[in-house]
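Please look through the sequence and the structure shown below before reading on. The report then takes up the sheet, the aromatic rings and one charged side chain in turn.

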Amino acid sequence: MTAARKAKDEIAQKLKISFTELTTDHFIVFTDWDKREYGFLKDNLEGAYACVSQQFEIPVRDNVFVGKLPVYMFTKQSDFKKFASISDGFNPGDGVAGYFSHSENGIGHMAMWKPDPSKTGGDIHKAEIQWVYVLTHEFTHAFVARYRSNERVPRWLNEGVVDYLGETDDVR
């Protein structure tokens, strides 16, 4: 958690963003979202954990992460893209709403940006549903990366598990 906070401070300085830290049972969240949306973030992150852990038949109270999984949640897509470039050397296209970055020491992080109703014809509910799908998809990558070890999972298996879970009624 100390390393995650240090990394957050460095990123905040580079991006000139003031992050608020939120914690849940399984996550440490760094966000610039409006405080009225913190409950939405916490509920959906823990909901994704519950959904995925249930599929792996692991009790929700168990934690597969070393400490808590760091999650960066950005209000603006432009900040998300800058973060990806600075932090991970990744240049996401306009269609990328989030990603999980794995590290060899078993401590990765997730990054996403806020649901965008303009991409769903102004339908906020539909934007939130799409955002939750991306959240669960990327979180599943994080979960699989820590499920049994820190070793990389072959891409075909990782994406197959994620796609399978994405098609379950629990996720949608």
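Does F40 count as buried, partly exposed or exposed, and at what relative accessibility? In this predicted model, F40 has a relative accessibility of 24%, and therefore it counts as partly exposed.

## The sheet and the helix across it

Strands of a sheet pair through backbone hydrogen bonds, and this pairing can be either parallel or antiparallel. Here five strands form an open sheet, and their order across the sheet is β1-β2-β3-β5-β4, with mixed pairing. At the edges lie β1, residues 20-23, and β4, residues 98-101, each of which pairs on one side only. From one strand to the next, the twist averages 20°.

The pairing of β1 with β2, which covers residues 27-31, is antiparallel and runs over four bridges; within it, L22 stands opposite V29 of β2. Helix α1, made of residues 2-15, lies across β1, β2 and β3 (69-74), and its direction makes an angle of about 20° with β3.

## Aromatic pairs

A pair of aromatic rings is described by two values, the distance of the centres and the angle of the planes. A search of the whole structure finds 19 aromatic pairs. One of them joins F19 and F74 in an edge-to-face arrangement, with 5.8 Å from centre to centre and 65° between the planes. Because F19 lies in the loop between α1 and β1 while F74 belongs to strand β3, this pair ties together parts that are 55 residues apart in sequence. Both F19 and F74 are buried.

The rings of W33 and F40, by contrast, form a stacked pair, with centres 6.2 Å apart and 20° between the planes. W33 has a relative accessibility of 4%, so it counts as buried, whereas its partner F40 is partly exposed at 24%. W33 also has a charged neighbour, since the charged end of K114 sits over its ring, 5.6 Å from the ring centre. Elsewhere, F27, Y49, F56, F65, F139 and F143 form one aromatic cluster.

## A lysine in the helix

Which residues is K8 in contact with, leaving aside its neighbours within four places in sequence? K8, which has its place in helix α1, is in contact with F19, F30 and Y72. One of these contacts leads back to the aromatic pairs, as F19 is the ring that pairs edge-to-face with F74.

K8 has a relative accessible area of 14%, and because buried means under 20%, K8 counts as buried. The side chain of K8 is also joined to that of D9 by a polar contact of 2.8 Å.

Terms used:
Residues numbered from 1 in each chain as written. Predicted model: local features only at pLDDT ≥ 70, side-chain atom pairs only at ≥ 80, totals over all residues. Heavy atoms only, no water. Pairing = 2+ DSSP bridges. Helix = DSSP H or I, 4+ residues; strand = E, 2+ residues; numbered from the N terminus. Axes fitted to C-alpha atoms, helices over the stretch in contact; angles between N-to-C directions. Contact = heavy atoms within 4.5 Å. Phe/Tyr/Trp six-rings, centres within 6.5 Å; stacked < 30°, edge-to-face > 60°. Buried < 20%, exposed > 50% of the residue type's maximum accessible area, 1.4 Å probe, protein only. Lys NZ or Arg CZ within 6 Å of the ring centre and 35° of its normal. Polar contact = N/O pair within 3.5 Å; in protein donor to acceptor, adjacent residues only side chain to side chain.
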